[in-house]
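Got the structure open in your viewer? Let's take a walk around it, one selection at a time.

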Amino acid sequence: MAEKEGMRSDAGLKKSSADRSRSDIIGRIAVLTSHFTPMAPEKEAALAATPSDAPTIFDKIINKEIPSIVVYEDDKVLAFRDIAPQAPVHVLIIPKIRDGLTGLSKAEGRHCEILGRLLYTAKLIAKQEGLDEGFRIVINDGPKGCQSVYHLHVHLLGGRQLNWPPG
Ligand code: 5GP
């Protein structure tokens with residue numbers, strides 16, 4: 001019986017070392033393919049961007065110096081279609097006055113009102129865009145979060161089945 005138990009645990013050990021080498025191989029393949037898979041342009045842009053409080057392209061969009069397709073505007077918030085849509089509906093919702101909000105990680109107590117307003121506006125636009133079956137809100141933050149524009153913005157994505165987990 002003890003022998004049988006021993007045999008069983010040996011077999012278990014063999015199996016787990018086989019599992020380990022299989023996951024080693026899978027890991028190596030992942031590393032190798034990462035050298036050949038071209039980086040998504042959004043990721044490339046995010047890695048090239050330096051976190052900063054310098055003016056961004058969104059200032060020019062707010063000031064209408066460069067064109068955008070505006071889907072919603074009020075005194076505090078502007079929402080326009082993303083130039084490189086990742087879904088049939090891809091809208092960016094931004095505060096008109098950045099007030100230090102280069103990203104969500106810079107939020108302070110005084111920003112609670114505008115943060116709530118951005119989310120509520122996202123809900124209004126989702127309704128306006130007919131996203132009755134669901135949508136997704138994304139806020140990228142910092143280089144690891146793939147943020148490329150340092151003026152806080154909420155992505156509203158919808159119009160297709162979205163997948164989980166995100167990349
Ligand atoms: P982030 O990567 O910082 O979360 O998102 C920035 C978004 O801004 C990206 O999805 C990018 O496509 C969008 N974007 C960058 N430049 C422009 C532009 O000039 N016009 C518009 N409409 N979207 C832009």
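Start with the largest pocket of this predicted model, which holds about 1300 Å³ of space. To find its middle, select E42, Q86, H90, N140 and H155: of the 40 residues lining this pocket, these five are the closest to its centre. Show them as sticks and you have a handy landmark.

Which elements supply the lining of the largest pocket, with at least two residues each? Colour helices α2 (41-48) and α3 (57-62), then strands β2 (77-81), β3 (89-95), β4 (135-138) and β5 (154-158), and you'll have them. Among the contributors, α2 gives the most, with four residues. Now try colouring the lining by residue type: 22 of its residues are nonpolar, eleven are polar and seven are charged.

Next, pick R81, which sits in strand β2. Is R81 buried or exposed? Somewhere in between: its relative accessibility is 31%, so R81 counts as partly exposed. While you're here, draw a distance between the C-alpha atoms of R81 and L156. The viewer should give 9.4 Å, although the two residues are 75 apart along the chain.

Now move over to the second largest pocket, with about 160 Å³ of space. Select G130, L131, D132, E133, G134, F135 and R136, then add G159, R160, Q161 and L162, and you have its lining. By type, that lining splits into three nonpolar, four polar and four charged residues.

Keep F135 selected, since it turns up again at the next stop. Together with L119 and I137, F135 makes a nonpolar surface patch of about 240 Å². Switch on the surface and colour those three to see the patch. L119 belongs to helix α4, which covers residues 112-128. Why does L119 count as partly exposed? Because its relative accessibility is 45%, and partly exposed covers the range between under 20% (buried) and over 50% (exposed).

Finally, zoom out and switch to the cartoon view. The chain has four helices and five strands. Trace them along the sequence and you'll read α-α-α-β-β-β-α-β-β. For a last colouring, try accessibility: of the 167 residues in the chain, 28% are buried.

Technical notes: Residues are numbered from 1 along each chain as its sequence is written. This is a predicted model: local features need pLDDT of at least 70, side-chain atom pairs count only at pLDDT 80 or more; totals for chains, interfaces and linings use all residues. Side-chain values use heavy atoms; hydrogens and water are left out. On a 1 Å grid over the protein atoms alone, a cavity is a set of points where a 1.4 Å probe fits but cannot get out, and a pocket is an open set with protein on both sides within 12 Å along at least five of seven lines; lining residues have an atom within 4 Å of a point. Grid points are joined across faces, edges and corners, and a volume is the space filled by probe spheres set on the points. Ala, Val, Leu, Ile, Met, Phe, Trp, Tyr, Cys and Pro count as nonpolar, Asp, Glu, Lys and Arg as charged, and the others, Gly among them, as polar. Patches are made of residues with over 30% relative accessible area and no salt bridge: like charges are joined within 9 Å, nonpolar side chains (Val, Leu, Ile, Met, Phe, Trp, Tyr) within 5 Å. Accessible areas come from the Shrake-Rupley method with a 1.4 Å probe; for residues, only the protein chains shown count as cover. A salt bridge is a side-chain nitrogen of Lys or Arg within 4 Å of a carboxyl oxygen of Asp or Glu. Buried means under 20% relative accessible area, exposed over 50%, partly exposed in between (1.4 Å probe, protein chains only).
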